[in-house]
Structures are given as C-alpha cells and as structure tokens.
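Let's walk through this structure together, one question at a time. Keep the sequence and the 3D view at hand as you read.

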Amino acid sequence: MNIAVVGAGAAGLFLSRLLSETRNCNIHIFERTGKPGYKVKASGGGKANILNTQISGECYNNAAFIANLLSRANYQTIRAEFEKMGLKMSVDEENRVYPSTFFSQTVLDVLLNGLSDRVLFHYNTEVLQISSKGRHYYINEDSTAFDAVVLASGSPAGMIAKNRKHFDRYLTDFKLQQKEYRPSLVGFKLEDYPVSLSGCRCKAICSLYQKDKLIYQESGEVTFKDDGVSGIVILNLSAYYNRLKDNKNCAVSFNLMYDDADYNVGGHLRKYGSLCGLIHPKLNRLYERNPFDVKDLRFKIKDTYELEFAQVCTGGIAVQEINEDFELKKYPKIYAIGEMIDIDGVCGGYNLFFAWASAYIAAQALINQHYAN
Ligand SMILES: Cc1cc2nc3c(=O)[nH]c(=O)nc-3n(C[C@H](O)[C@H](O)[C@H](O)COP(=O)(O)OP(=O)(O)OC[C@H]3O[C@@H](n4cnc5c(N)ncnc54)[C@H](O)[C@@H]3O)c2cc1C
C-alpha cells in the first residue's frame, strides 16, 4: 500500500511513525517547508507541552465530538504510544505533560528516529493538487499512485500574511464544508486602552463578559502590551470568545486582588493614601490619574490579535465531513487529521493531544484496511 501524507507536522509525523512498521506499506510525506515539525518545536515555549492528563470535551469547542474520540483514543492511549517510542515524560502540577528533558526537539527526535526506510520525505514540496484516477490518488503532477491520502496540513495559525496567501488552496477542488479560520489562543486588542500600561505584568482574575453576562473566568498572569493584553490566561479567554455566535459587546475585566477577593481596597486607600504597595506601579500610576475599580478594571475588546500571533485557529474542515475514522465521507481513503479539522482546545497540551489522537485513529483504520486486503 502507498500512502501520501500532506504535512510533516505533529499529526502527519505521529501517523507516519505509527504506520512505519506496517509490512509492505510505503509512506510519502509531502512537506511545504524544508523541515519537519516546526510547530512541535515551537510548542510550550520550546518545552513542548504535548499532552494533559485531564483531557475532557469541555476543553474544546466541540465537547460531544471529543467525548466520542476519547472512547477510541484517550490520554493513556497516546502516552502509551510515546512510551513505546522511548519518550520519558513528566507531569507538572497543572497536569501538563512534557518530555522529561523539557526540550521540544526530544519529541521530534523520537518521532523521526524510529521511522523505517519505507518513509520518504519530500521537503519543499507544497501539495497544490490531489487528483484521482480509478482507485488511486495522485499528488501534484507526480505519477506515483497512492492507495490512500492523509491530509495533515494544519492551520494558518502562527503564519505571517505572505506565507498564508494560498494556504489550503489544494482543498478547493474537494468542495468541503469549511469554517473560516480565525485566530485562537491569542491576545486581545482593547478599546480606550492606556498605552502607559505597556510592559506591566501582573496576576489577576480575568473575566470575559458579553454585555454583563460572564462567559468565562480564569486566574493567571497577564502581560499588558502597547494596544492590548496577552498571557496564557488571556489566550484561554480568546478560545471562549471565539465560541460566541457573535463577538459584539465583549469586555475583559481584571480583578487585581486575585489572591484576596475580599481585601478592603477602600480601607487601604484611607490608611496609606495610595495603592502603592498593593498593585503594580504602572497600574498605580494609572489609578492616580484616573481611579478605577481595582476588582473590576474593565476594557472593551476591539478584536483579537492577528493570525500570526495565534497558537491555533478556530475553524477548518467541518466535523460533519469526516467519519469516526477521520476519513472524508465524500472521498474514500482520504483522511483529514489534526488542526485542519474544526476542533480547537485551550492551552495546556490539548491541541497537540488532538493532533496525536486523530492521527492514531486514522493510523489504526489504515492498518486494519491494509491487513484486511
Ligand atoms: C507558538 C506555538 C506554541 C504552541 N504550543 C502548544 C503547546 O504547548 N501545546 C499544545 O497542545 N499545542 C501547542 N500549539 C498548537 C500545536 O502546535 C498545533 O495544534 C499542532 O502542531 C497541530 O498539528 P498539525 O499536525 O495538525 O499541524 P502542524 O503541526 O501545523 O503541521 C502541518 C504541516 O503541514 C505543512 N503544510 C501545510 N500546507 C501544506 C501543503 N499544501 N503541502 C505540504 N505541506 C503543507 C506545514 O508546513 C506543517 O509542517 C502551539 C502552536 C504554536 C504556533
């Protein structure tokens, strides 16, 4: 069996690794860039937060889809596969799983080192067209006939505008239902925002509101920038912001008394005459110019930052287009896995989990078919 894989990212590499020991199975990986796994390398700030021990549907934009997936591939399933590959892992206090080296290259190395010589890489080869003739598929103008194709080309998150100009154009002919890609796990641009806060980092309870309805709340460190805010907690808020039907009238609120919600701020002011010693100096200077509620410093959200600053995208191929093996319903033997599917999760190893788990399920389906024939 000849299998073409579009994209040497997390999903494409994991699938190829799982298939590489399959007898008489040749895998051709087509990769647009000159290197494999560039997002795996960038993930977790270079440490690669590859999994989370507490995967559940609620951490994603489609809880029902993930609940179904977990019955076929869960945290233990994927962890066991990585262990078989020789990857030692460590879990932090927030259930995030990293390679024990805390070095993302280790993950790439275990994926690449175990590949058999039946796996061939075609670097600097962008897939522009997939055509079919009889039972076979063909990539670009090449004459190699493939029995199956796995699409694993990811999303335009993290890409500068120039590079994402023709992103996904090879999918146009498939006429699939696709949701527009929008940046997720990304900072917010804020309205009427004082640039003087730029550079301030502090902890806060951060709340996303639409009108006065609380949508989501999380505590953590916030980084104030020139025109907005970022930080893991804000990235998570952006995932919930993207799940709203429309993003109008949204605001983000900061409770700066994150570890003592009942603290008597008024009493502090009366006693000391200022908030110096209580809040970050830049916030204190802002307060002195323009007093605000320290437990509810609120800004309207203008927009998220652009795609190039996003860790993932919301949008992609609608889940209705794939069956439970991640095979396209309209195109037998073509599979779509990873971030190109309209599934996205919050920060903490959830997005890589989805890339690995979807690859695992598609690989099992391909192995079963191969031995059945
Ligand atoms: C800065 C950053 C940090 C992140 N940190 C984490 C983290 O800590 N934990 C976590 O769970 N997730 C993290 N993510 C998200 C995670 O990396 C992605 O969700 C995951 O890599 C998606 O895997 P994928 O295989 O679907 O896509 P990708 O890894 O993006 O791979 C797709 C591959 O396909 C190639 N390609 C695209 N189009 C074509 C084409 N037409 N022809 C040939 N090749 C093509 C691309 O060049 C790429 O190599 C992070 C993302 C970023 C950007």
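Q: How many bridges join β4 to strand β5?
A: Happy to start here, with the reminder that this is a predicted model. Strand β5 covers residues 96-99 and runs antiparallel to β4. One of the pairs to look for is Met 89 with its bridge partner in β5, Pro 99. The number of bridges joining β4 to β5 is three.

Q: Which strands are the edge strands of the open sheet that β3, β5 and β4 form?
A: The sheet has three strands in the order β3-β5-β4, with antiparallel pairing. An edge strand here pairs on one side only, and that holds for the strand at 51-52 and the one at 89-91. The edge strands are therefore β3 and β4.

Q: Which residue of β9 is the bridge partner of Ile 3?
A: Strand β1, residues 2-6, pairs with β9 in the parallel sense over four bridges. Within β9, the residue that partners Ile 3 is Ala 148.

Q: Which residue in β18 stands opposite Val 149?
A: β9 also pairs with strand β18, residues 334-336, again in the parallel sense. This pairing runs over three bridges. Opposite Val 149 in β18 stands Ile 334.

Q: Are the residues on the two faces of strand β9 buried or exposed?
A: In a regular strand the side chains alternate between the two faces of the sheet. In β9, residues 148-151, Ala 148 and Val 150 lie on one side, while Val 149 and Leu 151 lie on the other. Both faces are covered, and these four residues are all buried.

Q: Which helix supplies the largest share of the shell around the ligand?
A: Three helices each supply at least two residues of the shell: α1 (10-19), α2 (38-42) and α9 (350-372). The largest share is four residues, and it comes from α9.

Q: How many charged residues does the shell around the ligand have?
A: There are 31 residues around the ligand, and Ala 11, Glu 31, Gly 44, Glu 339 and Leu 352 come nearest. By class, the shell has 13 nonpolar and 13 polar residues. The charged residues number five.

Q: How much of the ligand's exposed area does the protein bury?
A: Look first at the backbone around the ligand's oxygen atoms: a polar backbone atom of Gly 44 is 2.8 Å from one oxygen atom, and a polar backbone atom of Leu 352 is 2.7 Å from an oxygen atom. A backbone N or O atom of Ala 10 also lies 3.2 Å from an oxygen atom of the ligand. Taken alone, the ligand exposes 1000 Å², and the share of this that the protein buries is 93%.

Q: How many disulfides does the structure hold?
A: A disulfide is a covalent bond between the sulfur atoms of two cysteines. Cys 313 is too far for a bond, because its sulfur is 14 Å from the closest cysteine sulfur, in Cys 347. The total number of disulfides is zero. Cys 200 is in none either, and its nearest cysteine sulfur, that of Cys 202, is away by 4.4 Å.

Q: Why does Cys 313 count as buried?
A: Buried means under 20% relative accessible area. Cys 313 counts as buried because its relative accessibility is 0%.

Q: Is Leu 269 buried or partly exposed?
A: Leu 269 has its place in helix α7, residues 265-272. Its relative accessibility is 25%, so Leu 269 counts as partly exposed.

Note on methods
Residues numbered from 1 in each chain as written. Predicted model: local features only at pLDDT ≥ 70, side-chain atom pairs only at ≥ 80, totals over all residues. Heavy atoms only, no water. Near = heavy atom within 4 Å. Polar contact = N/O pair within 3.5 Å; in protein donor to acceptor, adjacent residues only side chain to side chain. Areas by Shrake-Rupley, 256 points an atom, 1.4 Å probe, with all protein chains shown as cover. Nonpolar A, V, L, I, M, F, W, Y, C, P; charged D, E, K, R; others polar. Pairing = 2+ DSSP bridges. Disulfide = S-S within 2.5 Å. Buried < 20%, exposed > 50% of the residue type's maximum accessible area, 1.4 Å probe, protein only.
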